[in-house]
Amino acid sequence: MPYVSDDDERAATVHLVRAAQRGDTLAMARLLDELAPYVGRICGPIALDQGADAAQEALVAVFRSLRSLKDPAAVRGWARAIAVREAVRVARRSARAVPADLSTLPARGDPQLAADIRDVLDRLSPEHRAVLVLRDVEGLDERAAAELLGVRVGTVKSRLSRARDTFRKAWTS
């Protein structure tokens, strides 16, 4: 397989987005294939059991608004913002009861570990899950997370602190 530079990859993405904006259905399908896993990785930890629904709604919103995207090179960041917004909205809509306490903590490498982490995430509000995903999974700084969430930087900092504290307490209980 030949080496593809980041610049070549960006240029291909820009070309793909522009073709999709013009209504090229093949380009839209290829763009969907490119964005769907990315959007799913963002929506899953925020919307939990409703992650697939949130990802689907985010992708629908992306394609409905695609013609309004002014900078095709920014498609991933733009899609991320839509995914976070939709995941929080879906999670709020489907608010459910807090799950039962963890009975035992698994050892590192235990297949139950991912399920237990999810149980702890389940205890957090959608807003707290969103800030954790943006900071600790996506690696965004507070300012970028604040812009995506439509809140002040101080709000992101306080939510992140509370989310980490709640996660830590639930994990060790």
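Reader: Which residue follows helix 7, and what is the sign of its phi?
Author: Helices here are DSSP runs of H or I with at least four residues, numbered from the N terminus. This is a predicted model, where local features need pLDDT of at least 70, side-chain atom pairs count only at pLDDT 80 or more, and totals for chains, interfaces and linings use all residues. Residues are numbered from 1 along each chain as its sequence is written, and side-chain values use heavy atoms, leaving out hydrogens and water. After helix 7 comes Gly150, with a phi near 70 degrees, which is positive.

Reader: Thanks! Which residue caps the N-terminal end of helix 7?
Author: Look for a side-chain oxygen 3.3 Å from the backbone nitrogen of Arg143. The residue that carries this oxygen is Asp141.

Reader: Why are the buried residues of helix 7 said to be on the same side, and how wide is their arc?
Author: Buried means under 20% relative accessible area, exposed over 50%, and partly exposed in between, with a 1.4 Å probe and protein chains only. The buried residues of helix 7 are Ala145, Ala146 and Leu148. They share one side because their arc, taken from the directions from the helix axis to the C-beta atoms, is only 165 degrees.

Reader: And which residues are exposed on the other side of helix 7?
Author: The buried residues have covers that include helix 4, helix 6 and helix 8. On the other side, the exposed residues are Arg143 and Glu147.

Reader: Which residues does His128 contact, apart from neighbours within four places in sequence?
Author: His128 is part of helix 6. With a relative accessible area of 16%, His128 is buried. Contact means heavy atoms within 4.5 Å, and the partners of His128 are Arg159, Arg162 and Ala163.

Reader: Is Val120 buried or exposed?
Author: Val120 sits in helix 5, whose buried residues pack against helix 6 and helix 8. Its relative accessibility is 1%, so Val120 counts as buried.

Reader: How far apart are the C-alpha atoms of Val120 and Lys169?
Author: Along the chain, Val120 and Lys169 are 49 residues apart. Between their C-alpha atoms, the separation is 9.4 Å.

Reader: Last one: which residues of the largest nonpolar core touch the most other members?
Author: A nonpolar core is a set of buried Ala, Val, Leu, Ile, Met, Phe, Trp, Tyr and Cys residues joined through side-chain atoms within 4.5 Å. In soluble globular proteins, nonpolar side chains tend to be buried together. Of the 45 residues in the largest core here, the ones you want are Leu31, Leu35, Val39, Cys43, Ile46 and Val84.

Definitions and conventions: Helices (H or I, at least four residues) and strands (E, at least two) are DSSP runs, numbered from the N terminus. A polar contact is a pair of N or O atoms within 3.5 Å; within protein, one must be able to donate a hydrogen and the other to accept it, and residues adjacent in sequence count only if both atoms are side-chain atoms.
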